[in-house]
Amino acid sequence: MATIKDVAKEAGVSVATVSRVINNSPKASKVSIETVNVAMQKLGYRPNAAARALVSQSTQTLGVLVHDVSDPFFGTLVKAVDNVARQAGKHILVCNGYHDAQDERQSIELLINSRCDGLVIHSKALSDEELLAYAHEVKSMVLINRFIPEIAERCVALDNYKGAWMATEHLIRQGHTKIAYISSTHHIEDTTQRLAGYKAALEANNIILPESYIEHGEPEGEGGEKAMMHLLTKSIDFTAVVTYNDFMAAGALSVLDENEIPVPEKISVIGFDDVLIARYIHPRLTTVRYPVQMMAEQAATLAIRLSKGEVLEQKQRIFSPTLVQRNSVFNLSHLS
């Protein structure tokens, strides 16, 4: 394998001249640049990225940690960060954390050791204290879908409580009072906040339901299927269901279809996130929109600004969800 000394010898210049060309130094002459590039191409020499980073103090990369990039929700997040990174002349390095503390910790350590210019971190398993320690170490680290008051200006979060409250309130305004809830089994703040929002909306409308109206499952289609089967098996009298996310809603819809229970005429279903599938399943899913693309773009922009040493405005960046009405909710009040 060719070395920088081999390139210098082939080009007939000093090692220092080759280094200046590699690192785009303004001191490198046009003749030197052309001669060195020809020599590198002839020898198949590829500059060491780590060495270049030490000289330039930049790897031109953004590190991104998500739960699971195969999940379309996180695919949208990663794509949005990549778009912003590319506009800034950077690439991204992506890690999966799987909502597991050790995986998230190892991923963040890898991104830090890779000398990424900035980090966009979606962490649910690590404590506030551990994330604060990383944030103090890496000044260009931004959290997405997580809010820690001590670094509020570096957090881009969603009001999950409000989103679930909004979904439940919408069903109540459509005349529903027997509303079930399909929750996630993941022990993260999103799960807690969304379940709390559902319960608060019921309480605000003086609706009292037993805990049997709540089922849990993995936050994916199969989890939604199992949760809906459990609700039906218990013979609970419900006319509507709020789900933790759109994939669980899709799973619930499939079980209702298999049991010849028409949606929304007999049971209304409402999702959360507004991922692509919500527009194409039947019936088209009423859901709560999670502006993940907008949030990811802002998080990436903040990380890049911080990597340049900019001081951020001291303000909270908590986004509000919005209701998207489609065809999976029936207005019971029309029957009275």
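## Strands and the six-stranded sheet

Two strands pair if DSSP finds at least two bridges between them. Strands here are DSSP runs (E, at least two residues), as helices are (H or I, at least four), all numbered from the N terminus. This is a predicted model, in which local features need pLDDT of at least 70 and side-chain atom pairs pLDDT 80 or more, while totals for chains, interfaces and linings use all residues. Residues are numbered from 1 along each chain as its sequence is written, and side-chain values use heavy atoms, without hydrogens and water.

One open sheet has 6 strands, paired in parallel in the order 2-1-3-4-5-11. Strand 2 (91–96) and strand 11 (317–319) are its edges; each has a single partner strand, so one side of each lacks a neighbour in the sheet. The twist from one strand to the next averages 15°. Strand 1 (residues 61–66) joins strand 2 through 6 bridges, in the parallel sense. There, Thr-61 stands opposite His-91 of strand 2.

Helix 12 lies across strands 1, 3, 4, 5 and 11. Its direction is at about 165° to strand 4. Such angles run from 0 to 180 degrees between N-to-C directions, with axes fitted to C-alpha atoms, for helices over the stretch in contact.

## The four-stranded sheet

A second open sheet has 4 strands in the order 7-6-8-9, with parallel pairing. Strand 7 (214–217) and strand 9 (268–270) are the edge strands, pairing on one side only. Strand 8 (residues 240–243) and strand 9 share 3 bridges. Val-241 has Val-269 in strand 9 as its bridge partner.

Helix 8 (residues 160–173) packs on this sheet and touches strands 6, 8 and 9. Contact means heavy atoms within 4.5 Å.

## Nonpolar cores

A nonpolar core is a set of buried Ala, Val, Leu, Ile, Met, Phe, Trp, Tyr and Cys residues joined through side-chain atoms within 4.5 Å. Buried means under 20% relative accessible area, with a 1.4 Å probe and protein chains only.

The largest core has 70 residues. Those with the most contacts inside it are Leu-77, Tyr-198, Met-228, Phe-238, Val-241 and Val-269. Helix 12 (residues 292–307) gives the largest share, 9 residues. Another core lies apart, with 19 residues, including Ile-112 and Cys-155.

## Two helices that cross

Helix 1 (residues 4–11) and helix 2 (residues 15–22) have axes that come within 8 Å and cross at roughly 105°. The two helices are therefore roughly perpendicular, a label for angles of 65 to 115 degrees.

Terms used
Parallel < 35°, antiparallel > 145°, perpendicular 65-115°, else oblique. Buried < 20%, exposed > 50% of the residue type's maximum accessible area, 1.4 Å probe, protein only.
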